[in-house]
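Student: I should like to go through this structure and ask, for each term, what justifies its use. May we begin with how its parts are delimited?

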Amino acid sequence: ATALTSGQVAAQRIRVAGTVTSAGGAPLGGAQVRALGSDTAALTNAQGRYAITAPGNGTLQITFIGFRPVEVPINGRTTVDVSLERLAVLEQVLVTGYTQQRRAEITGAVATVNTQAVERQTTASVVQRLAGNVSGVQVEASGSPGSRSTVRIRGVSSFQNNDPLYIVDGTPVQDSYVNWLNADDVESVQVLKDASSASIYGARASNGVVIIETKKGRAGQGVSRATLRVRTGLATPVRGYDDILIQSPLDYFQVVKQSYLNAGYKLADIQSAVYGRNLYGDPNSPSVPQYIYCGSNTTCSNVDVSKYGYPNNLIVPGSAGTNWWKQVFGTGKVGDYNLDVAGGGVGNTYNLSFNYFDQIGTARFNRYQRGSIRVNTSFNRAKFFTGENIALSGDRGTGGLPNDPGGYAEDGILGKNVLMQPVIPVRDIQGNFASGKAQGLGNQSNPLKLAYEHRDDVGKNGRIFGSAFAGFDVTPKLNLRSTLGLNVGQGSFAGYSPPLPENSEPTFNNGINENNSSFQNFTWSNTARYSANRGPHTLGLLIGQEVIRGSSRFMTGSLGSLISTDIASRYIQDALGDASTKSVSSSGSRNALVSYFGKADYNLLDRYLVSFTVRRDGSSNLGRANRWGTFPAAGLGWRLSQEPFFPKDNAIFSDVRLRAGWGVTGNQQIPSGRIVSTFGGDRGDVYYDINGSNNSIVAGFRQTQLGNANLKWEENRSTNVGADLSLFRNNVDLVVDVWQRKTNNLLFDPRLPGTAGLAAPPIQNVGRMQNTGFDLSVGHRGASWSATLNGSHYKNKILAIGGSGDFFYGPIATRFGNQVINKIGQPIGAFYGYVADGFFKDAADVTASPKQDGAAPGRIKFRDTNGDGQITLADRTIIGSPHPDFTGGLDLTFRRGAFELGGTIFGTFGNKIFDVQKEFYVFRDFSTNVRKDLLANSWTPVDATVPRAQYTTNNPNPKYPILDINDTYSRAVSSYYVESGSYVRMTNLQLAWDVPQRYARWLASARVYVQAENLFTITGYNGLDPALPAANVTGAAGDIRDQYRGVDRGSYPSSRTLSVGIITSF
Amino acid sequence: TPQGALNESTLANLTGVEGSLIAAYRALDCTDSNFAFGGCSASNWGLGSVPSDDAYKGSEAQDFPDMTDIENYHWGSSGVEGILNNKWQQVYEGVVRANSTLRLLKEVQTSNPAAVSADAAKGIQGEAIFLRAHYHFEAWRVWGNIGYYREDDHDFQKPNLTSDQVAAELLKDLDQAISLLLSTPRNGQVGRVTSWTAKAYKGRVQAYAGQWAEALKTLQDVKNNGPYALEPSYDRVWTGFKEFENGKETILAYQASANDGDPNGNNANTGERLNFPHSGSHFGCCGFHQPSQNLVNFFQVDANGLPLSLSSPSTWNARNDNLDAKASANVALDPRLDWTVGRDGVPYKDWGPHDPTWIRAPGFSGPYSPKKMQHEKASGAESNVGWVPTQLNSDNIHLYRYADLLLMLAEAEVESGSLENARAIVNQIRTRAGAKAQGPGTDRASIAVPLNDPSITWAKYKVGLYTQPWTDKNAARDAVRTERRLELAMEGQRFFDLRRWKIAEQVLNAYVAVEKNRRSYIAAAEPFTSRHLLYPIPQVQIELSKAGSTSNLKQNPGW
């Protein structure tokens, strides 16, 4: 017989296995199971299963984020199944300013991003995936791989840069790409939306703060665990211009013909007027021309193809219909490969990850690649702890389609180049790229050639981002911590511009340009934290100090007429090109920020909460006298459900808390050096050939910028009232916030009268702006299904702009005038122009209407808004706002056995789009291609042979004005360009299957999935894609993209991406 | 401290002052900081030529239709506002640069009196004051009622002066410049203005102001005592050949330069770059500013070689056909036509014969190309950098040339009754016009040849002189004005001339009545009325002049 003592039995280590599920029975993968009092721990697999060796009389502690931890005595059992109870939302622990807090202790507006929905997307940048997944946050981005995201939290509070502040593992960064951060490294994302939560970050927090924590190992985990994530997919544009534009040259000719006939031209004269010859043959039965251009043979008769010579004697055939869109856009590909190894022993944790991301854009020759390594470790020894979180990343983007071309948007492939006439072939008779080098075929560039010739244009970025930290627990109540954050990067770009001899405005010279940039930002923050409770009182104190220094340097150069354009010859060296064209310049910036801050949280009975924050910042960007700003905040919370009078076991209200917060945040997001006036200028601006030499210039200077020595902080005062409710026994969470933000001393450069010259006007603190709105989030997370609805509304209003006048125009005009205005009483970036009131019906209508230049039947009639009897520039008015009334996301997940189906639907409602592309595809500026239905749906005269002024029609309300080549009037900037930008889009949908263990015993867990992004869109918008990226717009005072939203200039459309993936742990 | 910029103290020395002055000269044509088409050009092709009977907007209907609004007198459109605002910014930037030179000079003279010699200081001051006057003159002839800004002005929202008050300010500045400047360019740098430039300019202002007695005195002084003379032949007036540039005919020119290290060629003829022939030509450009049929017809001469428009006022403008080489083989023409207008089959300087493929949309804007500001192939004036370098050259852009001065003097002589003096001047101009004609242009030497050169098959060139004494003041006035149009055609002066002669309404409405049958889009022109005598002040500038709720700048009448 075995004579073991009970003690021996107790001490015997046995193998315990089991399943961890939620209260509803759904398996919980990733829960930690730990034998109390030992180093042994294990994680559950995707089926919720675990196995651990533990003392038979020991206790297992099971923890999982979002659930209440439990401790279960083993009592000698070898199977221990555990069901975890979901935590009320208020029990969640969140990372906020410099610390962690239970949600119940937070009095500000803090939203938690649904990271599951984030994982169902494939874009390079994690911030791009936030759209629709968190209330109060708007994200705009283009379909171009690796492109910038524009994230806005609770509207727009400044004329300047409104990008939020990102805090990644405690290190602040202002960067709207965040491409260096591997999305799979992200553990959690919190958004601090109001001043009472964000003001601890004082400076730069006025646009909200996004706190990103990366994955860490867990102490005591024991064995390391590796997770491999592989995903690959195919992408196509959600929509193409070939759905919108004419594809047949003969159909296009009908449009041209009709626009001349309606203008009174004789049929026989039209082709010579437009093309200089009968390009399409008999105008009554036109045919596709054999050739559109034959060098000096102007009539293209008896073409001798042996006369062809590149680049001076091109011969270009006619095309039966070139689908220019398909030439440039097709199927893209995405691949994302991650390996993550995490673990931790006694007093240490580690997490090491590797990522390779490779996305081939839907535009030809466009690709983005990234590799990154992350090392997060921490060490804990007695009262001392230290560690670091560091990411190294390198990325490269190639290809010729600019994310955003700027200006009139015509340099980009999409702006107007892809609107080439269908009669133009892709290549000429010798296979060289062709374009409209003939009369009347427009002066666009072959978009495929642009893409092809820019295929080796490459932008590269290298980045080291992270922090090292150390801390000391002086007493259990007092903790000191110091963190040194660094953000060091360099970037480079090398580009090539080809000669374009095939264009109607040809160029024969090539050129290259390249630039290099580098920046270093250091953040050193030191905090002391004190926490204590005595009886019903809990007190938390934090004081800290922070120093931030940044500098950057940029160098750019160019060289023309390269002797060899081979990629190996693309350097800026005298011998390689025309040395006289060589140009080089450099620029840089420096800035510093010093801050002191403190925070106190007091909690009575877990029922009454009071918090105070104050931060004092000094910025080098501001005037010496006004450099320092103080940013206070306060919050109150009342957890009603803890009151004795609150009925216990309430079937409806499980937990109720009310919050109110007020605070001030600051903004100094302007370029450094604006406190002084500067002189300078460049060779094309201030140098002059005073000697009459014809080829040499003498240096000059002009005032380039007016400074303002009194610049001070822009202040954002925000008030927030919110409620957190857990309903139906914690089954439904509801968070509602109502808020107001008022910005004072708005930093902005009001335009000066032209008589003051062209120097950049001084930035002043003159404007005021207001945003009001609400955010709400309703969620249910059950065993078989979960749903979260996020919704937000904001209303933006300019209260004052200072300077002269009560408005200023947006930064980019259309070809036909300004279409964006910033005006007191209106939202930032409102659309501005005439009100289009249909079309002139007939001569009587013209006579009866207010006097309008060029008024004629069939042309657009504008409204006499000031009632003076004539249409003048003074009749222009507000014709729409790019700001939505409501944006929302609905996230749904269903689980059944090993299957999970999850998806997000995003919707935006009430915003308008100004479709500048109508200049081209409706008004045919630069003889571009036009919309398919233009001929059929334009205003048509009953009889075009009567004098022009006497035209009448049977259909007075068609979609388009009359086709009339003499109509330079209808195209004036008006509400005719404005359309509803509302849409609903299924942004992602994923079906996942957790592979049962019996199929893959060697793996801890495995999940395979298929997913789709942007599966469908419901919209009334007639343009390419209502999900417009924000345009990159820079003014003298920095990034001013918010003055130019919702304008469609032909952007790289979103992609519909189908992908498959696998996640396995071992 | 801002990075990569200079501050005022680093420039408070001679280098800074001189550099600031250089920048003031640079603003004579479109600068980088105000880069745009149409409004900023030194030549005023958009504001002085397109709205006149000289030229069409050109190009095609679908490119830059704002210019069509200028041509059709729809000056209230937002497109026109953009062009006018561009002009406004360009001229006042020039004023600001001139004034900051003066301020900086004063500062240096106070802080470091030894830094600038008294002579240099006088020269700098004179040049800056002259340039300030020039820029204000430009604003004056476009808008009439403008604000005048000097170096001590800090309020940039001054109300408009009346047109007469502006003239007085201009003359005050020019008199001061005359007293400060030397008679030869400082440092021998030909781009600099002299006391003679300022005197000539003073005469121009007096003529514009209708102060004929004063103008007569000033201009006669320049003619009799100044350094100017006509170029020996007309082809040497607008040219890319360096040796012909800055000759005696140049009073004030924008000194264009190409291949000077600017990567975009922006110091070349930036304001003119849209006005080159289209893709069939070497230039492959945009085809703006095309000569009108009316202008081409105007170069016909009668049997005496005198303008047909004077001897046959009812028939000279009858031709509607393309006056190409074939059609004009036996037509008697003033040879200046083929230095001014590119015609099919006629050699285009030394670029070979002009061809129909050089025109972008002949049915829209006719068959002719501009020619004056286009360089000769052999001149090597073409740029090798920039967006379409073939449309960039180092041809200087005349802002004021001696022939212009002489013809204004002739006007003054007519108005003061000295008709014979006027006849002598007109004959002097015509004699030079008859010196050389466009030749076959196969090489440098054959660009310009004698009028009777046998290789000329495309015209019968003839320039006759007025041999009969002038006795009738009205006829003399007509002859002088006719000569002025022929001599200065397409140089951006015609509209302003018609206006100051107070015949713009009559001439332009008559022009539209005929021309709308030639170019159908002109049928949409608004009748030219008294409000068109001045351009509207850009609405945005009126807004920006608001102090409180009232704008200090008042809009011109009728706008």
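Tutor: Domain bounds come from an automatic or database domain assignment. For chain A that assignment gives domain 1 (6-86) and domain 2 (90-215), and the centres of these two domains, taken over C-alpha atoms, are 34 Å apart. The model is predicted: local features need pLDDT of at least 70, side-chain atom pairs count only at pLDDT 80 or more, and totals for chains, interfaces and linings use all residues. Residues are numbered from 1 along each chain as its sequence is written, chains are lettered from A and ligands numbered from 1 in the order in which they are written, and side-chain values use heavy atoms, with hydrogens and water left out.

Student: Why is the pair A:Arg702 and B:Glu93 called a salt bridge?

Tutor: The term requires a side-chain nitrogen of Lys or Arg within 4 Å of a carboxyl oxygen of Asp or Glu. The closest N and O atoms of A:Arg702 and B:Glu93 are 3.8 Å apart, so the pair satisfies the rule. Across the interface of chain A and chain B, the rule finds three salt bridges.

Student: What makes up the side of chain A that touches chain B, by class?

Tutor: It has 28 nonpolar, 37 polar and 17 charged residues. Here Ala, Val, Leu, Ile, Met, Phe, Trp, Tyr, Cys and Pro count as nonpolar, Asp, Glu, Lys and Arg as charged, and the others, Gly among them, as polar.

Student: How many residues does each chain bring to the contact?

Tutor: Chain A brings 82 residues and chain B 95 residues, where contact means heavy atoms within 4.5 Å. Between them the chains bury about 7300 Å², 54% of it on carbon and sulfur atoms; buried area is the accessible area (1.4 Å probe) that two parts lose on being put together, summed over both.

Student: Why are β22 and β23 of chain A said to pair?

Tutor: Strands are DSSP runs (E, at least two residues), numbered from the N terminus, and two of them pair if DSSP finds at least two bridges between them. β22 (residues 367-381) and β23 (residues 384-398) of chain A share 15 bridges in the antiparallel sense, and therefore qualify. One of the bridge partners in β23(A) is A:Ala391, opposite A:Arg374. In the hairpin, which has two residues between the strands, A:Ala382 takes a positive phi near 50°.

Student: Which strand pairs with β23(A) in the antiparallel sense over 15 bridges, besides β22(A)?

Tutor: That strand is β24 (residues 458-475) of chain A. In β24(A), A:Gly471 stands opposite A:Phe385.

Methods:
Helices (H or I, at least four residues) and strands (E, at least two) are DSSP runs, numbered from the N terminus.
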